[in-house]
Amino acid sequence: MNIYQEEILAHYHEPSNNGELKDPTHTHCGFNPTCGDKICIDLIIDHDTITDISFHGQGCAISQAAASMLTEHVKGKPANTLKNLTKDDILEILGVELSMNRMKCGLLALETAHRAYYKNIDESKS
Amino acid sequence: MNTKLSHYFPQCTHDPTLIYLDTAATSLTPTNVLVSMERYYTQYRSNVSRGIYSNAETATKVYEAVREKCRALIGAQDVQEIIFTAGTTHSINMISSSISTLTDDINRAHGPHIVVTAMDHHANFVPWQHVITHYPEGTFSVIDLSDDYTLNLTHLTEILTEKTTILALPYISNVLGTINPVREIIAIARDINPDIIIVVDAAQAAAHVPIDVLQLDCDFLAFSGHKIYGPTGTGILWGKRKHLEKVEPFLFGGEMIAEVTHEQTIYKDLPQRLEAGTPNIAGVIGMGSAIDFIQSIGFSTITDHEKELTKYALEQLKLIDDLTIYGPQDEKIRTGVISFTVDNMHPHDIASILSTEKNIALRAGNHCAMPLHIQHMDVPATARISIGLHNTREDIDHLVDGLEIARKILCKPSKGQKV
Ligand SMILES: Cc1ncc(COP(=O)(O)O)c(C=O)c1O
């Protein structure tokens, strides 16, 4: 299956929510060491709502498009939407089948967003 | 015109549209290698060095004959200096983990000093970086590259001292394709310290350039069977006998034993002392046939074929807009391992698209050379092609077409004025 579908390329060429946030409440950078991809996710969570989210970094079309689509999907929604977001959800949003070797590209944004979410929750408890 | 050699490889017949440009990762397998391994499994399967019956003798004879083939391939003096291993990684770890018996430096106040290069594969970098952590006084240095992607020999002379214990370097870089002037480097190193132990990683060299360990004057040399048209899980460690005698076995068990009593064990002589356990018999036999294959083609045909294609590939790639090649421009000091990037196209996307659109197999990533990519080339990843005997000029033409297709797919369609 051709993974370079129009929608993926559109997100790759003109990503949504691309850049850094000022004063994020949560932030994390994730790496994919085999391909050198890096994605950072900034979140602003206010009263359990994701009031803003952005990503920046470098990577292939799949990892960039997945990050863009993820941010669109959760922005303005309850924090639980991100918390409960699964691998299958991301693959459904992407709308293409990924080979084993490209799976890491598709899931880097999700893993990074989850880490951002949990990292700062833990810190704020302490 | 280059010679057509693809008919030796069943995979090329199985999938005639396949354009395999990843020989540096692992080479395709010629028919004679498959036949010899099948013959072992179907005609004289038995263990080596133990049975008395005739098949066991056949197996032992065929297996041991491979040692001689390896010896001849690298110009070693003595077959007993050829140790069969699972591959280059295994071979290098055997030496690095034995540093305490190989050298007295660990007992000296300054500890061992290990030098590697910025272009080493992780297999010849990490074992050394790891072993030095056992010695608080030990030091680890990395030789830099020059702007033309060759080793910086001035930096080499600055780093090496009369106390340097080990110099580990690749014969040929698996990313840049650079053929290092190993003989010259070793002469420089021995001038500084005659006792330095020099470890040559010949994984990317053994199938592509003739090797002569005596002329090089290295102390150890390793290669993998699967990169010389042989099966996976095979390889050798060669070492000067005086060093091999000091290498501590990595594995203990059967096959390596002269005598065991409750009180003590006496080991066999080389090479068995360093080859505990039932070996990869079929694999070693296959590796022997791979060497037969290389010798039957001959290094002059191999280098002619590969140099011609490398030159052609470099010329064609240079015509592509926004493409950067990482490696020497001069095909005389390089092989057909060519890494490149194209602006605004991630190597993973290039590899995916070339696979789906053109059935081209090429590699994307850091090719197990992260320090080189991140600290010297300043790119997280590259696309890499590597040329083997089956390749033709048409393969390069398809690559060039494929890269233009990738550009059409990946690059933003220009809507009038560029922003
Ligand atoms: C230069 C170099 N050294 C070492 C290795 C490791 O070889 P193996 O994985 O067969 O042990 C490779 C293979 O990728 C290589 O290209």
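# A walk through chains A and B

B:S27 sits in the loop between β1 (19-20) and α2 of chain B. The model is a predicted one. This serine is a good place to start. B:S27 is buried, because its relative accessible area is 6%, and buried means under 20%. Its company comes from elsewhere in the sequence. Leaving out residues up to four places away, B:S27 touches B:H226, B:K227, B:I228, B:Y229 and B:G230. Another serine gives a sense of scale. B:S296 is 269 residues away from B:S27 in sequence, and the two C-alpha atoms are 17 Å apart in space.

Now step back to the whole of chain B. Chain B holds 15 helices and 15 strands. Its radius of gyration is 23 Å, close to the 22 Å that the globule rule gives for 419 residues, so chain B is as compact as a globular protein of that length. Along the principal axes, its C-alpha atoms fill a box of roughly 85 × 60 × 35 Å. Of the 419 residues in chain B, 57% are buried. Contacts tell more about the fold. Take the contacts in chain B with a separation of 6 or more: residues 24 or more positions apart account for 70% of them.

The surface of chain B comes next. Its accessible area is about 17,500 Å², and carbon and sulfur atoms hold 51% of that. Chain B carries 33 positive and 49 negative charges. The mean positions of these two sets are 3 Å apart.

How is chain B divided into domains? The domain assignment gives domain 1 as 6-21 + 298-410, and domain 2 as 34-294. Domain 1 is thus written as two stretches of the chain, while domain 2 is written as one. The C-alpha centres of the two domains of chain B lie 28 Å apart. They also touch. In chain B, 33 residues of domain 1 are in contact with 30 residues of domain 2.

A few single residues of chain B deserve a stop. B:R45 is placed in the loop between α2 (31-43) and α3 (54-74) of chain B. Is B:R45 buried or exposed? B:R45 is exposed, because its relative accessible area is 54%, and exposed means over 50%. B:N55 is 10 residues away from B:R45 along the chain, yet their C-alpha atoms are separated by 6.9 Å.

B:E255 belongs to another loop, the one between α10 (241-244) and β9 (257-260) of chain B. With a relative accessible area of 12%, B:E255 is buried. Which residues is B:E255 in contact with, leaving aside neighbours within four places in sequence? One group is B:N47, B:V48, B:S49 and B:R50. Further along the chain, the list includes B:K268, B:Q272, B:E275, B:G277, B:T278 and B:P279.

Two spots in chain B concern the backbone. Most residues other than glycine have a negative phi, and most peptide bonds are trans. Against that background, B:L270 and B:P271 are joined by a cis peptide bond, with omega about 0 degrees. B:P271 lies in the loop between β10 (265-267) and α11 (281-297) of chain B. The other spot is B:N344. Its phi is near 65 degrees, a positive value in a residue other than glycine. B:N344 is found in the loop between β12 (337-342) and α13 (347-358) of chain B. B:N344 is exposed, with a relative accessible area of 62%.

Turn to chain A. Chain A has 5 helices and 3 strands. From the N terminus on, its elements run α-β-β-β-α-α-α-α. Its radius of gyration is 14 Å, close to the 14 Å that the globule rule gives for 126 residues, so chain A is as compact as a globular protein of that length. The box filled by its C-alpha atoms is roughly 45 × 30 × 25 Å along the principal axes. Among the 126 residues of chain A, 50% count as buried. For contacts in chain A between residues at least 6 apart in sequence, 60% join residues at least 24 apart.

Chain A has an accessible surface of about 6,300 Å², with 48% belonging to carbon and sulfur atoms. It has 11 positive and 18 negative side chains, and the centres of the two sets lie 6 Å apart.

Chain A has its own backbone spot. Phi of A:D23 is near 50 degrees, a positive value in a residue other than glycine. A:D23 is found in the loop between α1 (6-13) and β1 (26-32) of chain A. With a relative accessible area of 65%, A:D23 is exposed.

Definitions and conventions
Residues are numbered from 1 along each chain as its sequence is written. Chains are lettered from A and ligands numbered from 1 in the order in which they are written. This is a predicted model: local features need pLDDT of at least 70, side-chain atom pairs count only at pLDDT 80 or more; totals for chains, interfaces and linings use all residues. Side-chain values use heavy atoms; hydrogens and water are left out. Helices (H or I, at least four residues) and strands (E, at least two) are DSSP runs, numbered from the N terminus. The radius of gyration is taken over C-alpha atoms; the globule rule is 2.2 Å times the number of residues to the power 0.38. Buried means under 20% relative accessible area, exposed over 50%, partly exposed in between (1.4 Å probe, protein chains only). Contact means heavy atoms within 4.5 Å. Accessible areas come from the Shrake-Rupley method with a 1.4 Å probe; for residues, only the protein chains shown count as cover. Lys and Arg count as positive and Asp and Glu as negative; His and the chain ends are not counted. The place of a charge is taken as NZ of Lys, CZ of Arg, CG of Asp or CD of Glu. Domain bounds come from an automatic or database domain assignment.
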